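Colleague: I am new to this structure and would like a close look at a single part of it. Please take one pairing of strands, place it in its surroundings, and go on from there to the charged contacts.

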Amino acid sequence: MANVAVIGAQWGDEGKGKIVDWLAERADVVVRFQGGHNAGHTLVVGEAVYKLSLLPSGIVRGTPSVIGNGVVLDPWALKAEVEKLRGQGVTITTDTLMVADTCALILPLHRDLDGLREDASGAGKIGTTRRGIGPAYEDKVGRRAIRVCDLAHLDDLGPQLDRLTAHHDALRAGFGEAPIDRAALLAELREIASFVLPFARPAWRDLNAARERGRRILFEGAQGVLLDVDHGTYPFVTSSNTIAGTAAGGSGLGPAAVGFVLGIAKAYTTRVGSGPFPTELEDETGERLGQRGHEFGTVTGRKRRCGWFDAVLLRQSAAVGGITGIALTKIDVLDGFDEVKICTGYKLGDETLDYFPAHAADQARVVPVYETMPGWQESTAGARSWAELPAQAIKYIRRIEELIRCPVALVSTSPEREDTILVRDPFAD
């Protein structure tokens, strides 16, 4: 049985939560391998709705869940999310949740810096969630980070605090802000340490032991390939690598452990925040997609921008993300359209491109080339087999497969976890 990595194939918000929940019931371990608490996942289990931003989706099912070393961890957000889920009846113990002891921490000073930068950036705003994820990754790479394991050694934190405050105090002074109150920061860390430390352990060791025992591991990514810091629409990206290759480094397992890579993609395209979006529809059709798809961010509540399916971008995501198969979500949102469109290329001046250019100026100038297909009036909502799908919906899915050069492994037809058409079992590969 293969391990499975789940990553977003567009700009995030593709419906990973439901798919991971669907797969988590069959997995033995679920591990988050990058990102922070800016990654919103909504799970619908019966009548209950769970909104997660940091915890692996398997936690709701009681599947042992790991926050891997590639994640930047806000310990206060962790506590709040655990307490919220416990209030909804979810059992979370040190047996069901593990936090890698090498995770870098998101501190209040990171949230401060994130907001100060965005407010001062004017037209250059990135559109971050202001939760401190980017600044925390900067400190990790700059070797200034305070990590989970440091919470057990706060009396020895002096040299690390010297490096951290030397960097941040200079930045804060530039924004007219007071220096960091070291005593207050230490007091906050001492208070939260007692909550976090029981969950902390060398996660790489436990995960490698699980692999040796033949356990099925589900790697859960955050955001999407088009937000990858190297391969996304830079600079309008997140601060980590979101591709499947990161699952190895962000969990402490070797690359051979990753197995099947399932890319999640909507049957249309959405984006939250700033940045290029070639197929965006700022008209009645875009509004209709947004309303039917309930397109609001799980974490931020921000309205998502909507547009037609972009096969060029998804083909690129599949290539750089190492995607084996696609889980196509929200096909039911397209029910009732007289026609549907797929972007098959771009015009950039007199040139036709079959890829998305790297430079922001070129990205802003590309004009999508569309292929138009007949829509379908019948409902796909709740379908659980090909036989229940309208013929035109099947033709639409098959055309997407041809254009992105990657097979569709699952089709999601509603937020309910069982409303899923299984074409190819990722765990069986």
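Modeller: Strand β15, residues 325–329, pairs with strand β19, residues 408–412; the sense is parallel and the pairing runs over 3 bridges. Within this pairing, Ala327 has Leu410 of β19 opposite. The model is a predicted one, and what follows should be read as such.

The two strands belong to an open sheet of 10 strands with mixed pairing. Its order is β9-β7-β5-β2-β10-β1-β11-β15-β19-β20, which puts β15 between β11 and β19, and β19 between β15 and β20. At the edges stand β9 (200–201) and β20 (420–422); each has a single partner strand, so one side of each is left without a neighbour in the sheet.

Now to the charged contacts. The structure holds 23 salt bridges. One of them joins Asp112 and Arg172, whose closest N and O atoms are 3.2 Å apart. Asp112 lies in helix α3 (residues 108–120) and Arg172 in helix α5 (residues 158–174), so this salt bridge ties together parts that are 60 residues apart in sequence. The two partners differ in their surroundings: Arg172 is buried, with a relative accessible area of 13%, because the limit for buried is under 20%. Asp112, at 36%, is partly exposed.

Helix α3 also supplies Asp119, which forms a salt bridge with Arg130. Here the closest N and O atoms are 2.8 Å apart. Arg130 sits in the loop between α3 and α4 (133–141), so the pair ties together parts 11 residues apart in sequence. Asp119 has a relative accessibility of 53% and counts as exposed, because exposed means over 50%. Arg130, with a relative accessible area of 34%, is partly exposed.

A further salt bridge starts from helix α5: Asp162 pairs with Arg182, the closest N and O atoms being 2.7 Å apart. Arg182 is in helix α6 (residues 182–196) and Asp162 in helix α5, so the contact links distant parts of the chain, 20 residues apart. Asp162 is partly exposed at a relative accessible area of 43%, and Arg182 is partly exposed too, at 30%. Elsewhere, salt bridges that share partners join Asp13, Lys266, Glu295, Arg304 and Lys330 into one network.

Note on methods
Residues are numbered from 1 along each chain as its sequence is written. This is a predicted model: local features need pLDDT of at least 70, side-chain atom pairs count only at pLDDT 80 or more; totals for chains, interfaces and linings use all residues. Side-chain values use heavy atoms; hydrogens and water are left out. A salt bridge is a side-chain nitrogen of Lys or Arg within 4 Å of a carboxyl oxygen of Asp or Glu. Helices (H or I, at least four residues) and strands (E, at least two) are DSSP runs, numbered from the N terminus. Buried means under 20% relative accessible area, exposed over 50%, partly exposed in between (1.4 Å probe, protein chains only). Two strands pair if DSSP finds at least two bridges between them.
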